[in-house]
Amino acid sequence: MRQVYLVCFITLLLGASMPALVSFAEDASARLLVPEHVQRVLKHRCMNCHEGENAEGDVRLDKIAELKLDARLDLLNRAQDQIFFQTMPPADAPQPATDERSMLADWLQSGLRKHNASNLDKKLRYPDFGNYVDHETLFSGQIKDKPFTPARRWLVSPQIFHELVNDIFMLTGQSRQRSFYGVTNPFVLPDHSGVRDYDNTALDGGHLLVMLNNAEWISQKQIFSAVHADKDRRTLEFSNPQDRWYPPISPPAFVTIVSQKSRPTNQEMIAAIHAQSECVLKRKASVEELDRYLPLLQSSIELGGNTEGLRQMLVSVLLESEFLYRQEFGAGEPDAYGRKKLSPVEAAQAIAYALGDPGPDEELQQAAFDGRLIAKDDYRREVQRLLANETHFNGPVDPGISGKNMQSHVSTHPKLVRFFREFFGYTGALKVFKDVTRSDGYYQNPARGTAGTPGFLVKEADRVVDWYLQRDEDVFRNLLTTEDFFVYHNKDNETGQKIIAEWKEAYARLKDTDWKTDPERVIAENLEFIQSKKSLNILGGKQKREFLRHMYFFGETIGKGRTPFTTVSFAHGYTYNHSPFYNLPPTPNPFRYGDVEQKNFKGLDDTEFWDYPVEQPFRITNRKGLLTHPAWLIAHSGNFQTDPIRRGRWIREKLLAGRVPDVPITVDAQVPDDPHKTFRERVESVTSKAECWKCHQHMNPLGLPFEVFDDFGRYRLEEPLESPENLISRTKTKYGSDTYRTRSVSTLGELLGTEDSDLDGVVTDPFDLIDRLSQSERVRQSIIRHAFRFFMGRNEMLSDSQTLIDADEAYTENGGSFKAVVVSLLSSDSFMYRKDVN
Amino acid sequence: MISNRREFLTQSILGAGALSLSSAKLFADSSVSKPPTRFIFIHKGNGLPPHSLVPPSFSEEQMEAEKRKDSFAVDLDDHDLPEWMSPIAGHKNNLTILQGLSGKMCTTGHHTWCSSLGVFKANERLSSIKWATVDFELAQMFPSPFGHIEFACFPAGGGNSRGNINGIEKGFSARGPQQPNYAFGSPKVAMQELFKSVATDQQAQSQYQLQRKVLEFVATREAGLAERLTGTERPKVANYADAVQDIRKRNARVEAMGDVLRQHLPELNGKYLADDISTVDRQVGFTEVLLSTLISGMTNVVTFTVDELGTNYTGLPGIEGENVNQHDVGHGKPVRNFEATEVRKKIRHQHMTVIDTIVSRLKSVPEAGGTMFDNTMLFYFPDNGETHHSNGSEWPFLVLAGDNTRLDIGRRYIRLPGYGKPGHKTLGNWYTTILNAYGNPINHYGSLDVGLNIDQAGPIERFSA
């Protein structure tokens, strides 16, 4: 039925005597030119439905002349969407030929762009619309346009913002701070899977409010440092005793002003303005800026005195929008295609921020200063050098997941790891709250000071990514198919082996003593031995209890031929209990050995604990690559259920460069309850209807094979039907799971869309699907496309075709090196050239 | 109080299905210029145990219903209030004790940040802020020269990120997604910032003029830059320039109220403006500033954190010299000779004294043929639910509302169906009810409780006036 198309395509009723120019009385400048060839298409393809009183959706061309400009632009925008996304004419109506469609699209686009009013242009700049650039055309080699990036401001990332604050205080080396008491990071990247840091975000009122507070605090610290330069900090008084940090050095120009009683000279004030500009904007103030700032500083000092007047100037520079945007405009004369190369300073920043959070290192700055950052080879040289540098960018992948009991994984190049964590979107696990009892009490939701179980899982996924990045061979395939994972592994292999060796030696020596009945004596007799083993943290205030705990712990691990985890479960702050999410046996919980020295201690139950692999990564059965990592599976699940649709959509969009329209607003996307059916069956019952299948065919067959993993990421062949009528028994433990009747899980699916007949087809399970995906050229290219978005901060355009082809070739010609991709992208025309498209 | 409501409420206990609470619409359809509605949100830390709100004069039958968490409503006229509520006994006609709401979709436990006002799981990170908290939604609906204002007796650590209890710090409200609000941490800083345009102290005046100058400078600079830009680059600077301009406009609006502000300047002696101030004096000082901002018309919505779990309590009547650690109290530790439950009562009693001051003062200010309180709703509630280590199974509220309120809940003890029972209601339902009643048509405000298998979206229909 036509009526279901609520958003209707505008039909322009241009009759037989249709004029080529429709004019609008209220705005002569807003004339709508309709060339004859467009008129023909409109009449032939659109008028049947959109004409007269009964026009579909009440959209009538015969009224268009009466529309005001805003209303007309609104309709044209809607029309443009319908044509571009091919949702009009409806599928059951005759379709326009390709050239007719592009004729209409071109006409609509030029009409809207004339008023800078094309919503589609704006939309296509957002991450969700990246795949609307045709994949085949991009990699066809037929596009000969010269690549460029529009001249732009790109909001700094949260991590870069933090580094910039360090720079304001001129902190170097060890003095750089991990956090600042009075600074709130105003930037938060979106949560969704996929590249998130794009150049289309604008500063807003929220950012300003946070920055006003930040600027107050930063300027106060700058002034404090200037006022107390060279003073012994032990003699200083702090207005807030909890906030005693201040920068160790201050620009001499500030010290000069605050330390004199008389009014500063113009020269002294100009020096201070330059100093603040260099601290904040990393450049001297321009003549024009001096003309504005000097009167401000003069009048502020007149009103508030030297110190407070200076502080107000510092605040006003801190509130420059330029501070919060990376500026990339290009410099020099444009080339024949209207493109300008990044200036050497812009290039140095662009390269540094593409590879990490800190700004350019000294060598890069020097290269820019010496004019050695101009040609492609210059870019390549510097990028390769920085990729080989293991210290400059070294840092945590995500300080945000660090908490009291766990710290983020540290990498030599955290930003490269961040590309893959954003691409795979496994950090989404941190946002899915789970019912703990359904996990048998093993899952801990994120809470204050801890990222909980998903925090550990995300970190372990980060480690897998970094492991393969460091090896830099066949990176995409390895990440998609690896069977080797890190679990727990809080000590390197060598340290872990040393600990286990000591523990085994200790257990062998002490197991046959009277350690249970006379622990004090056993300790005394073996004191020297215990003291010699660093890993035996027994001696001290409660050594009897600690000794017993160790021995019981060793007894049910080493004593049963298993290797224990290299941290004892009764260690302070111990929170490792997530091995079951990899289908690995549990490890002892922190309370297991709590009562071992009590008289009424009844011994331990016979739980079988995990035989911990000290050397990692290690092989885990029924896992293949990051799509089977619990972090990814949880991220792409709901609170109580798996989410095969979202899992499938991820594969369609991220690996197959495909498109799935958003859920229409008329659809109430609910999976029906049915206590007798598996979740798959319930999903299929509601998505197999023709009108639903149109979209779901692109997702379900890819996501449903993953039903072999539950919403906690656990492998299963049977699905519990969690409904009261299927209850078999209630749990007997406080946080345990109830037991329900189960049904077998179906893992069948279908891969379509690789454009490779050897790969497309029915798949037996997710492992079969993953194997095929990992061999696909399209999948490889799709990952390259996302890498492009990550490093360029924008969607690719057709004109970026050569850049993408080069990056793809760099990957294949270098044995699947991701670093080769990075070097290729960061020395491409897309990266080096800017063009003013505004 | 109108009579039909009173008559209706003569029933002592109503079943869940009978709780219709209908009555005539109370909102004054005044033909003269309509005064704004004002909202005051006062929240406390360490939980608010539901049993502490139960009138001691309840019959055995009522007590049993209460224990069973059955749904019922009772006219408060027939009952005594718990002793700790004695300061507000004179306002019983305006009082509602609302029990039975749940908030498991919030962060619970010790600290909850924006959870109780935003109905989402929040922590100290900006990324956890999902949307504007309910007080900000209401402030948008009832605009005022300054907009929303927040005061907080900050905790010394834990509940806020910095532990600076005298500054302007991230508060417990949120302006929008990932946008924290900033709260005034002391009466002194609140006075300085809110009334700086009419400050008589020369240093404060020059400070104000300096800030004014800088904002003007920044606004001109950024607007000038934006003017030179076109296309997609323009909004990147123009938005920012507009935001600076908005703050200047807000300041100008407040500045234009100079004469009115001078009339309503808070009368606070030096004790309340000191940096080293007891918790109780801090509350008293804030109360005066809060009243001045409302009575002068500077704002229509204020949020007041009277304490948080991490607030070290000093100056409590009867134990003035003690520095009461609320966490210890939460774990049952006595203070001097007072059991923890007694200390809790003292703290709540102090809160009621604050509320009595607010309500009485607003009742004394004439407005549109009545008083300012006629157009005011005050909510008192815990920031973390039912107890010290809460899980959100209950979220009790005291509501004090003037005669023009658009909710039909007044002068009643209302217990809604218990958690998970048919008809059970959540914090989200409650805020949706308020927002809907005052003109925001939102279908449901707040996150849903993923563990609740009932239809939980929408307002509490029975509260519609």
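The following exercises, with worked solutions, concern strands and confidence in a predicted model.

**Exercise 1.** Determine where in chain A the pLDDT is below 50.

*Solution.* Begin with the chain as a whole: chain A averages a pLDDT of 90, and 94% of the residues score at least 70. Then turn to residues 1–29 of chain A, where the pLDDT is below 50. In the model, this stretch nevertheless has 66 contacts beyond near neighbours in sequence.

**Exercise 2.** For the open sheet of three strands in chain A, establish the strand order and explain which strands stand at the edges.

*Solution.* The order of the strands is 3-17-6, with mixed pairing. Strand 3 (149–150) and strand 6 (340–341) of chain A each have a single partner strand, so one side of each lacks a neighbour in the sheet. Next, consider one pairing in detail: two bridges link strand 3 of chain A to strand 17 (residues 833–835) of chain A in the parallel sense. Within strand 17 of chain A, Arg834(A) lies opposite Thr149(A).

**Exercise 3.** Decide whether the residues of strand 6 of chain B are buried or exposed, and identify how this strand is joined to strand 5 of chain B.

*Solution.* Six of the six residues of strand 6 (residues 179–184) of chain B are buried, so this strand is largely enclosed by the rest of the structure. Taking the faces separately, Gln179(B), Asn181(B) and Ala183(B) are buried on one side, and Pro180(B), Tyr182(B) and Phe184(B) on the other. As for the pairing, strand 5 (residues 168–176) of chain B runs antiparallel to strand 6 of chain B, and five bridges join them. Glu169(B) has Ala183(B) as its bridge partner. Finally, the two strands form a hairpin with two residues between them, and Gln178(B) in the turn has a positive phi of about 60°.

Conventions: Residues are numbered from 1 along each chain as its sequence is written. Chains are lettered from A and ligands numbered from 1 in the order in which they are written. This is a predicted model: local features need pLDDT of at least 70, side-chain atom pairs count only at pLDDT 80 or more; totals for chains, interfaces and linings use all residues. pLDDT is the predictor's confidence in each residue, from 0 to 100. Two residues are in contact if their C-beta atoms, placed from the backbone, lie within 7 Å. Two strands pair if DSSP finds at least two bridges between them. Helices (H or I, at least four residues) and strands (E, at least two) are DSSP runs, numbered from the N terminus. A residue is buried if 20 or more other C-beta atoms lie within 10 Å of its own, exposed if 12 or fewer, and partly exposed in between; C-beta atoms are placed from the backbone.
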